[in-house]
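Reader: I am in my first year and I find it hard to see how separate stretches of a chain are held against one another. Could you choose one part, examine it closely, and then follow its connections outward?

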Amino acid sequence: MVTVQQVERFLAVIEHGTFTAAAEATNVTQPALSRSIRELERVIGAPLLERGVGPTPVGRAILPAARALLAEAHRVRDAGRQAAGLRTGELHVASLQSLTLGALLPVVHQWQERYPLVELRLSEFTHRERLEEAVRDGFADVAVAPRPATWHGPVRDLGVEEFVLVLPTGEPVPDGRLPVRDLAGRRWVHYERQNGLADVVDQVCAAAGFVPKVAVRTLQTSAAPRLAAAGLGPALVPANVLSPTDAVTVAFPEPAVRRPIAAFTRHDPDPVAAAFIDLLAEHVALLPAHLAPLQIRA
C-alpha cells in the first residue's frame, strides 16, 4: 500500500533535486529516504526516478495524484489542527531559498517564542514558478515569495525586496550607488538556470543594454556574494541575504532593482497559518538594518 510518508519523500526528491537535500528537508537520513523510494517503486511496480534524480515517465505520470494525496493528508491534519487551535501541530511554509537566509530569520525566532509547540517546517525553492506550482498542488500551508502575477487564493503583501550589487572587496563605491551599465564589460558571478535569480540578472542587464559575461555560475544564492567578494566579479543579490558580518563591498544598482514580496495560500488560512502570516507582516526583514543607512546615503 502507498503511504503518505512515501509520497512525501518522493515529492521532496523531485522538488529539491538531490537525495541529500530531500533528506534534510524531510528530516530523515538518506538511507531511510532511499528505502521509502524503493518501497514506493515496489508497490507501483516501476522505477520512479532516473539517475539524475529526475522523474521517469512513470514518475511524471503519478505526480498529480501524489500531490493530490499529500494535499488531502494536509487537509486531514488541518481539520484536527483547527480543533486544537494554536496549541500544537505543524506549519509547513514554502519560501524562496534567498528569503529564508535573512528575511525569515526574525519571523522564525518570534514564532518559536510565541508558539513553541507548533513545529515550523520550511521548504526552500530556487525558482518561484516551481514554488507556486507546488503550493497550488497543496504542498505547503503558506508560501512566502515574490507576489504572483495571478493567484486564485488569498494574498498578503509584505513589502518590497531590495537588490544590491556585491563587488570585489575593496572596490571603491563613492556614493553607494552604481549604474548597472557601468558593469557591461565585467565578468559576473551569475546563477544556474534552476535558480530564478538567473532570470533577474539577465533582465536587469538587458535593460542596461548588454548581456552579462559569466565568470562563474552558482545554484546557491548564499554563495554569490562570497564569490563576488573573492574577486570573481560583481553579483546581484537580494539585500536580505547579507549579514552585518559579511566582509563585502555593497552598492545599490541604478536603476534600482526591487520586487514585491507576499504571503499567499490556496484557501482561507486556518488559525495557525493566519498567525504566521500576521507575524510575517510584523517582522519580515526585507532590507537588513545594517544596509538601511547606506540606502539613504545612496
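Author:
**Salt bridges and a helix in detail**

A search of the whole structure, which is a predicted model, finds 14 salt bridges. Side chains of opposite charge can pair when their charged atoms come close. A good place to begin is Arg130, which forms a salt bridge with Glu15; the closest N and O atoms of the two are 3.8 Å apart. Arg130 belongs to helix α7 and Glu15 to helix α1 (residues 4-16), so this pair ties together parts that lie 115 residues apart in sequence. Are the two partners buried or exposed? Arg130 counts as partly exposed because its relative accessibility is 32%. Glu15, at 8% relative accessibility, counts as buried, because the limit for that word is under 20%.

Helix α7 deserves the close look. Its buried residues are Leu131, Glu132, Ala134 and Val135. Where do they lie around the helix? Viewed down the axis of α7, these buried residues fall within an arc of 165 degrees, so they line one face of the helix. A general rule helps here: an α-helix has 3.6 residues a turn, so residues three or four places apart point the same way. What does the buried face of α7 meet? Its buried residues pack against β1 (89-96), β2 (118-125), β3 and β10.

Just after α7 comes Gly138, with a positive phi of about 85 degrees. Gly138 sits in the loop between α7 (128-136) and β3 (142-146). Its relative accessibility is 5%, and it therefore counts as buried. Leaving out residues up to four places away in sequence, Gly138 touches Ala71, His74 and Arg266. A further residue to find is Arg67: Gly138 and Arg67 are 71 residues apart in sequence, yet their C-alpha atoms are 6.7 Å apart in space.

The route now leads outward to other salt bridges. Arg259 forms one with Glu161, and here the closest N and O atoms are 2.6 Å apart. This pair also links distant parts of the chain, with Arg259 in strand β10 and Glu161 in strand β4, 98 residues apart. Arg259 and Glu161 are both buried. Arg67 appears again at this point, in a network: salt bridges that share partners join Arg67, Glu133 and Asp137.

A further pair is Glu282 and Arg114, which form a salt bridge with their closest N and O atoms 3.6 Å apart. Glu282 is in helix α10 and Arg114 in helix α6 (residues 105-114), and the pair links parts of the chain 168 residues apart. Glu282 counts as exposed because its relative accessibility is 53%, while Arg114, at 41%, counts as partly exposed.

Ahead of helix α10 (271-283) lies Asp270, in the loop between β10 (258-264) and that helix. Its relative accessibility is 8%, so Asp270 counts as buried. The side chain of Asp270 reaches the backbone nitrogen of Val272 at 3.1 Å.

Another helix can be read in the manner used for α7. In helix α9 (residues 223-232), the residues Ala224, Pro225, Ala228 and Ala229 are buried. Down the axis of α9, its buried residues fall within an arc of 135 degrees, so they line one face of the helix. Which elements cover them? The cover includes β4 (155-167), β6 (187-191), β7 (213-218) and β8 (235-238). Strand β4 has appeared above as the strand that holds Glu161. After α9 comes Gly233, whose phi is positive, near 145 degrees.

The last stop is on the surface. Val2, Val4, Val43, Ile44, Val58 and Leu69 make a nonpolar surface patch of about 360 Å². Helices α3 (30-44) and α4 (57-84) each supply at least two residues of this patch. One of its members, Leu69, is in helix α4 and is partly exposed because its relative accessible area is 32%. Between α3 and α4 runs a loop that contains Glu50. With a relative accessible area of 46%, Glu50 is partly exposed. Apart from its neighbours within four places in sequence, Glu50 is in contact with Pro55, Thr56 and Pro57.

To return to the chosen part: helix α7 carries Arg130, whose partner Glu15 lies in helix α1, and the buried residues of α7 pack against strands β1, β2, β3 and β10.

Definitions and conventions
Residues are numbered from 1 along each chain as its sequence is written. This is a predicted model: local features need pLDDT of at least 70, side-chain atom pairs count only at pLDDT 80 or more; totals for chains, interfaces and linings use all residues. Side-chain values use heavy atoms; hydrogens and water are left out. Patches are made of residues with over 30% relative accessible area and no salt bridge: like charges are joined within 9 Å, nonpolar side chains (Val, Leu, Ile, Met, Phe, Trp, Tyr) within 5 Å. Accessible areas come from the Shrake-Rupley method with a 1.4 Å probe; for residues, only the protein chains shown count as cover. A salt bridge is a side-chain nitrogen of Lys or Arg within 4 Å of a carboxyl oxygen of Asp or Glu. Helices (H or I, at least four residues) and strands (E, at least two) are DSSP runs, numbered from the N terminus. Buried means under 20% relative accessible area, exposed over 50%, partly exposed in between (1.4 Å probe, protein chains only). A polar contact is a pair of N or O atoms within 3.5 Å; within protein, one must be able to donate a hydrogen and the other to accept it, and residues adjacent in sequence count only if both atoms are side-chain atoms. The arc is that of the directions from the helix axis to the C-beta atoms. Contact means heavy atoms within 4.5 Å.
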